[in-house]
Amino acid sequence: MGGGLSKEQNALPFAYGYLVPPGLVPPGEEESWARLSVAEGLSWRPSGGALGTLGGVGEDGGVIGSEDGMVSARGERRPSEARPPWARSVSDFVSSLSDAEASRSRDRFADNEWEQWAAGTPDRADEDALRSQNLRAITFGQLTPLTHIRLCSQSIARLSANIGLLFNTTTLQLCCNDLAEIPAEIGYMKNLTSLVVSRNKLTTLPDTIGYLTKLVELKASHNQISFLPSSIGTLRKLTTLSLEQNQLTSLPPELGQVKSLVSLDVSDNPIPMIPSEVGRLKFLRRLRVENCPLLTEFVVEPTNSPPSLKELAARVIVRQQLPILEITQEDVKSYLASAHACSFCGGPYFDHYTSRGKMVERTSEGPKVPMEYRLCVPHWNTDDERVALMFCPLPGTAPSPIPSPIASPAPSPPGSPGLGGRRRKTSMPAGGNGAVTLPLSALSKSPSLPSLPQAAAVEGRGLKKRLLEKGMRPSRSLTFT
């Protein structure tokens, strides 16, 4: 087991998988087949190891499967007349079990538990709830080792929030399952270097993925992802990003901040153009955009609607890094923190921007790649104007240099003229009410991580208690919640 988890934490669920793959059982018999799978430790796996197959969890904690049909946790294969499940009713299958099989099944339960299972009334509420949803729990104790977790083709329906306890995991492969979302607690897996969630049912990735600063490989192809969080720009060590066959209509400009990116695959997505920031990635060697409805030319709009007064004022505050009052309303703080950078001058913009583009030749054979510039103002209308601006000073819309903090003056020698020991007064807002100001850098755009499950806090308190009972003094470097 290992991985730094306690005995109590090893009993916590990591994920929940289907007992019986949806669609393989006749309507009305799902719950009965689920009970049978729990009692017999059975699992289903279609022939040839097709995508979405189910491998059961055996008594020893190992994930099992077979080439075809139903197998027990001991690896025993049912006779051919006992499968497929949709060809026989539950009662027919139970009656076909040999006496030895039935006896072995009864040995797994106490007498009252066997009768309750046979009557269809489990005595554990949590198991009953999972069984009613055709689900089974996969605990941390069944995963070996915890540093490299590979659960492909296990019909996993959802992940538990307890995934945030896997601080030491470096590889997480969950491809070919039935995941519809990834919990935000994945942001606690700070040592993760490889995340593979291809061939699931994901519609988006959590914004807390930006905390995985050691991530090198991210594969999320063959899903239904329609949106990428801007926090993906903080993955500075990412080299491989595979997003083919999704529903993406655009890529975030922050993708240009992933300086180490080498391979980017967004083929088979409804993407009409690529952010121009991607063109600045010096190490990018592979860009796949096959079967994307790419634009063949850009049409410049003759007129542009001006930004709102609210946005104009916010642009000045962000451009000049003006401090704001601490008592400023939260919605205003959130608005100021949502500023985007102009693709040309780096100046801020919010809701309003001007779109310009250029066609980029590819070194390999294939169509030109349209690159989109999102500008705070119409800096140019033609490609010749864009090239000319590259040799000009930055316009006034560019961010102002952040002034360096004023150093405290050196103390004057005794008897020398100067301030005479007087303290310099700080400027106060009008009215002298002592209101505190905040720098814009304090308005963080970092996504918020949810609290870890209570089991982590309980274990921390338990460790401190055990140290005190043994007469040992806990180290100050240990933090107990």
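Trainee: In this predicted model, over the ring of which residue does the charged end of Arg158 sit?

Mentor: The model is predicted, and its strand 6 spans residues 156-159, the stretch in which Arg158 is numbered. Strand 6 is joined by three bridges to strand 1, residues 13-18, and the two run antiparallel. Across this pairing Ala15 stands opposite Leu159, and the charged end of Arg158 lies 4.7 Å from the centre of the ring over which it sits, that of Tyr16.

Trainee: What is the strand order of the open sheet of three strands?

Mentor: The edge strands are strand 4, residues 135-139, and strand 6, residues 156-159, each of which pairs on one side only. From one strand to the next the twist averages 30°. With antiparallel pairing throughout the sheet, the order is 4-1-6.

Trainee: Which residue of strand 18 is the bridge partner of Ile274?

Mentor: Strand 18, residues 369-375, is mostly covered, with six of its seven residues buried. Strand 17, residues 354-360, is joined to strand 18 by seven bridges in an antiparallel arrangement, and there Val360 has Val369 as its bridge partner. Strand 12, residues 274-275, runs parallel to strand 18 and is joined to it by two bridges. In that parallel pairing, the bridge partner of Ile274 is Met371.

Trainee: How far from Cys376 is the nearest cysteine sulfur?

Mentor: The structure holds zero disulfides, and Cys376 is accordingly in no disulfide. Cys376 counts as buried because its relative accessible area is 3%, under the 20% cut-off. A disulfide would need the two sulfur atoms within 2.5 Å, whereas the nearest cysteine sulfur, that of Cys345, is away from Cys376 by 3.6 Å.

Trainee: Which residues form one aromatic cluster with Trp380?

Mentor: A search of the whole structure finds five aromatic pairs, one of which is the edge-to-face pair of Phe344 and Trp380, at 5.5 Å centre to centre and with 80° between the planes. That pair links distant parts of the chain, 36 residues apart, with Phe344 in the loop between strand 15 and strand 16 and Trp380 in the loop between strand 18 and helix 9. Tyr373 and Trp380 also form an edge-to-face pair, at 5.2 Å centre to centre and with 80° between the planes. The residues that form one aromatic cluster with Trp380 are therefore Phe344 and Tyr373.

Trainee: Is Phe344 buried, partly exposed or exposed?

Mentor: Of its two partners in the cluster, Tyr373 is buried, and so is Trp380, the latter because its relative accessibility is 3%. Phe344 has a relative accessible area of 24%, and since buried means under 20% and exposed means over 50%, Phe344 is partly exposed.

Trainee: Over the ring of which residue does the charged end of Lys310 sit?

Mentor: Helix 8, residues 330-337, has Lys333, Tyr335, Leu336 and Ala337 buried. The buried residues of helix 8 pack against helix 7, residues 309-319, as well as against strand 14 and strand 19. The charged end of Lys310 is 4.2 Å from the centre of the ring over which it sits, and that ring belongs to Tyr335.

Technical notes: Residues numbered from 1 in each chain as written. Predicted model: local features only at pLDDT ≥ 70, side-chain atom pairs only at ≥ 80, totals over all residues. Heavy atoms only, no water. Buried < 20%, exposed > 50% of the residue type's maximum accessible area, 1.4 Å probe, protein only. Helix = DSSP H or I, 4+ residues; strand = E, 2+ residues; numbered from the N terminus. Pairing = 2+ DSSP bridges. Contact = heavy atoms within 4.5 Å. Axes fitted to C-alpha atoms, helices over the stretch in contact; angles between N-to-C directions. Phe/Tyr/Trp six-rings, centres within 6.5 Å; stacked < 30°, edge-to-face > 60°. Lys NZ or Arg CZ within 6 Å of the ring centre and 35° of its normal.
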